[in-house]
Amino acid sequence: MGAETGTLTLQLRDELLRSDRPQIERIVRSCGYFREDEIAVALELTDDRLTKGAMSDYRFVIAAHGDQVVGYCCYGRIPCTVHSYDIYWIVVDPEAQRSGIGRKLLAAAEDRIRAAGGARVYVETSNRPQYESTRKFYLRVGYSVECVLREFYAPNDDKVVFL
Ligand SMILES: CC(C)(COP(=O)(O)OP(=O)(O)OC[C@H]1O[C@@H](n2cnc3c(N)ncnc32)[C@H](O)[C@@H]1OP(=O)(O)O)[C@@H](O)C(=O)NCCC(=O)NCCS
């Protein structure tokens, strides 16, 4: 699938390539949002998919411009549920943000979830000011706040669950 996004010719693909891993690490680091332990988790999910292939619980949609990864979304069915899915990670290269790539990645993941029989899609983030743009993004693309878990992450750091 190809789509023009500004000066980028965007390709969305489901296959995760070995060569995507260093690019995923670069994007996750360069957006400046994630701590080292969070970056390690993002790469763990990537490695799980690369190692187990279709047997992995983690699925990916990659947004690429040629051989350059400009964003990705990692999602999967939540264990012990019938039709509930989690968006585990969605990141767009800071240099390519605000050009509709995040919206396209999420829509692509939702299409695949629907095709697989999924009915509910959850995504969570922190209520810290740093994540205000992330919360605006989810609200803008059609999610609403399902619940707030007070001080879930740390004192004064709630978890906001969107549906
Ligand atoms: C959240 C993120 C994935 C959005 O990707 P993106 O490609 O920049 O988003 P889009 O261009 O598709 O934006 C879609 C809508 O979200 C809103 N939005 C996106 N970024 C925003 C920002 N920084 N501030 C306010 N609203 C924003 C806009 O209203 C936009 O709609 P519009 O273009 O019609 O105005 C991206 O900003 C990102 O990687 N952030 C850092 C990592 C992160 O927080 N990931 C989520 C937790 S894992």
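Select Cys73 in β4 (68–77) and Ile90 in β5 (84–92): the two residues are bridge partners. This is a predicted model, and the pair is a convenient place to start reading its strands. β4 and β5 run antiparallel and are joined by seven bridges.

Extend the selection to the whole of β4. Is this strand mostly covered or mostly open? It is mostly covered, with eight of its ten residues buried. On β3 (59–65), look at how the strand meets β4: these two also run antiparallel, again with seven bridges. His65 stands opposite Gln68 of β4. Two residues separate β3 and β4 in their hairpin, and Gly66 in the turn has a positive phi of about 65°.

Now go to the other end of β4, where the hairpin with β5 has six residues between the strands. Pick Cys80 in this loop. Its phi is positive, about 70°, although Cys80 is not a glycine. Cys80 counts as exposed because its relative accessibility is 85%, and the cut-off for exposed is over 50%.

Stay in the loop between β4 and β5 and select His83. With 33% relative accessibility, His83 counts as partly exposed. Which residues does His83 contact beyond its neighbours within four places in sequence? They are Gly117, Gly118, Ala119 and Arg120. A distance to display is the one from His83 to Ile113: 8.9 Å from C-alpha to C-alpha, with their positions 30 residues apart in sequence.

For another positive phi, select Glu151 in strand β7 (residues 145–154). Glu151 is a residue other than glycine, with phi near 50°. Its relative accessibility is 45%, so Glu151 counts as partly exposed.

Next, show helix α1 (residues 20–30) and pick Gln23. Gln23 has a relative accessible area of 16% and is therefore buried, the cut-off being under 20%. Leaving aside neighbours within four places in sequence, Gln23 is in contact with Asp67, Gln68 and Val69. Gln68 is the residue already seen opposite His65.

Turn to the interior. In soluble globular proteins, nonpolar side chains tend to be buried together. Here the largest nonpolar core has 25 residues, and Ile87, Ile101 and Leu105 have the most contacts inside it. Colour the elements that each supply at least two residues of this core: β2 (8–13), β3, β4, β5, α3 (101–115), β6 (120–126) and β8 (157–162). Which element gives the most to this core? It is α3, with six residues. A second core, separate from this one, has 17 residues, including Ile24, Val28, Val69 and Trp89. Val69 was also among the contacts of Gln23.

Finish at the ligand. There are 18 residues around the ligand, and those that come nearest are Ile90, Arg98, Gly100, Gly102 and Thr134. Ile90 is the bridge partner of Cys73 from the start of the tour. Three polar pairs are worth displaying:

- Arg98: a polar backbone atom, 2.8 Å from an oxygen atom of the ligand.
- Gly102: a backbone N or O atom, 2.7 Å from an oxygen atom of the ligand.
- Thr134: a polar side-chain atom, 2.8 Å from an oxygen atom of the ligand.

On its own the ligand has 910 Å² of accessible area, and the protein covers 84% of this.

Conventions: Residues are numbered from 1 along each chain as its sequence is written. This is a predicted model: local features need pLDDT of at least 70, side-chain atom pairs count only at pLDDT 80 or more; totals for chains, interfaces and linings use all residues. Side-chain values use heavy atoms; hydrogens and water are left out. A nonpolar core is a set of buried Ala, Val, Leu, Ile, Met, Phe, Trp, Tyr and Cys residues joined through side-chain atoms within 4.5 Å. Buried means under 20% relative accessible area, exposed over 50%, partly exposed in between (1.4 Å probe, protein chains only). Helices (H or I, at least four residues) and strands (E, at least two) are DSSP runs, numbered from the N terminus. Contact means heavy atoms within 4.5 Å. A residue is near a molecule or strand if one of its heavy atoms lies within 4 Å of it. A polar contact is a pair of N or O atoms within 3.5 Å; within protein, one must be able to donate a hydrogen and the other to accept it, and residues adjacent in sequence count only if both atoms are side-chain atoms. Accessible areas come from the Shrake-Rupley method with a 1.4 Å probe; for residues, only the protein chains shown count as cover. Two strands pair if DSSP finds at least two bridges between them.
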